[in-house]
Amino acid sequence: MPILTSPVLDAGVLARTGQPVIPTGDGLLLRPWQEGDAPAVYAAFQDPLMHRFHGKSCESEAEAAGWIAQWRGAWSGEREPQWAVVGEDTGRLMGRVALRQIELADGMAELAYWTVAQARGRDVATRSAVALTRWAFEEIGFHRLELMHSTANEASCRVAAKAGFVPEGTRRKAFLHPDGWHDMHLHARVRGE
């Protein structure tokens with residue numbers, strides 16, 4: 001059956017170049033993960049809040065190193081590219097930002113983020129989300145980015161709003177967290193908004 005529209009983005013749009021370093025313009029860098037980030041990722045996942053809203057635990061630096069190896073390979077696979085969010089001057093890990101659920105032909109992806117405990121309350125997630133969104137729309141040509149978070153995660157809802165993601169509704173019991181099924185808020189931005 002013929003498809004009546006052209007793909008928004010062609011396969012290879014990400015993989016044909018190296019993963020970029022994206023400055024936020026206000027003291028943070030989004031950069032590809034490095035092997036040396038494993039201790040900081042392990043430390044970040046010792047925070048109980050990470051367990052509550054991310055559904056993962058990290059049992060060792062070796063496990064964190066395995067995740068980083070997967071994250072580093074995700075760019076060439078165009079499936080879930082991830083960036084470490086670091087202080088521009090210090091290089092210290094502040095969080096992570098990613099594009100997930102990528103559908104290149106439709107020009108869509110889901111934006112995801114987390115921050116280390118010491119970075120919370122400093123707009124690190126918002127600044128990272130804004131920078132990655134700008135890059136995804138202006139440099140790559142995505143049409144739509146979505147963002148979802150547990151309705152119990154009020155801080156993440158504030159990040160979405162500050163980053164310009166419009167609330168579109170609630171997906172009922174859409175994600176299984178360690179304490180049970182959570183309703184998820186859906187926000188989105190469309191290129192040109």
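## An open mixed sheet and its surroundings

In this predicted model, eight strands make up an open sheet with mixed pairing, arranged in the order S1-S2-S3-S4-S5-S6-S8-S7. The edges are taken by strand S1 (22-23) and strand S7 (166-177); each has a single partner strand, so one side of each lacks a neighbour in the sheet.

**Strand pairing.** At the S1 edge, S1 and strand S2 (residues 28-31) run antiparallel and are joined by two bridges. Here Pro23 lies opposite Leu29 of S2. Further along the sheet, strand S3 (residues 82-87) is antiparallel to S4, with five bridges between them, and Gln82 faces Ala98 of S4. S4 is also paired with S5 in the antiparallel sense, over seven bridges; in that pairing Leu99 stands opposite Leu111 of S5.

Two hairpins connect these strands. The hairpin of S3 and S4 has five residues between the strands, and Gly91 adopts a positive phi near 75° there. In the hairpin of S4 and S5, four residues lie between the strands, and Gly107 has a positive phi near 65°.

Strand S4 (residues 93-103) is largely enclosed by the rest of the structure, because eight of its 11 residues are buried.

**Selected residues.** The table sets out the accessibility of four residues.

| Residue | Relative accessible area | Class |
|---|---|---|
| Ser128 | 2% | buried |
| Cys58 | 3% | buried |
| Arg144 | 15% | buried |
| Cys157 | 25% | partly exposed |

Ser128 belongs to helix H4 (residues 124-140). With a relative accessible area of 2%, Ser128 falls under the 20% limit and therefore counts as buried. Apart from residues up to four places away in sequence, Ser128 touches Thr24, Leu28, Leu30, Val85 and Val97. Among these, Leu28 and Leu30 fall within the range of S2 (residues 28-31), Val85 within that of S3 (residues 82-87), and Val97 within that of S4 (residues 93-103).

Arg144 is located in strand S6 (residues 144-150). Its relative accessibility of 15% is likewise under 20%, so Arg144 is classed as buried. When neighbours within four places in sequence are set aside, the contacts of Arg144 are Gly107, Met108, Ala109, Phe137, Glu168, Ala188, Arg189 and Val190. One of these, Gly107, is the residue with positive phi in the hairpin of S4 and S5. Arg144 and Gly192 are 48 residues apart along the chain, and their C-alpha atoms are separated by 9.7 Å.

Regarding the cysteines, Cys58 is buried at 3% relative accessible area, whereas Cys157 is partly exposed at 25%. A disulfide is a covalent bond between the sulfur atoms of two cysteines. With a cut-off of 2.5 Å between cysteine sulfur atoms, the count of disulfides is zero.

**The largest pocket.** The largest pocket holds about 1,100 Å³ of space. Its lining is formed by 49 residues, and those nearest the centre are His54, Ala112, Tyr113, Trp114 and Ser156. Strand S5 (residues 108-115) contributes the most to this lining, with eight residues. In terms of residue class, 23 of the lining residues are nonpolar, 12 are polar and 14 are charged. S5 thus links two parts of this description: it pairs with S4 in the sheet, and it gives the most residues to the lining of the largest pocket.

Notes:
Residues are numbered from 1 along each chain as its sequence is written. This is a predicted model: local features need pLDDT of at least 70, side-chain atom pairs count only at pLDDT 80 or more; totals for chains, interfaces and linings use all residues. Side-chain values use heavy atoms; hydrogens and water are left out. Two strands pair if DSSP finds at least two bridges between them. On a 1 Å grid over the protein atoms alone, a cavity is a set of points where a 1.4 Å probe fits but cannot get out, and a pocket is an open set with protein on both sides within 12 Å along at least five of seven lines; lining residues have an atom within 4 Å of a point. Grid points are joined across faces, edges and corners, and a volume is the space filled by probe spheres set on the points. Ala, Val, Leu, Ile, Met, Phe, Trp, Tyr, Cys and Pro count as nonpolar, Asp, Glu, Lys and Arg as charged, and the others, Gly among them, as polar. Buried means under 20% relative accessible area, exposed over 50%, partly exposed in between (1.4 Å probe, protein chains only). Contact means heavy atoms within 4.5 Å.
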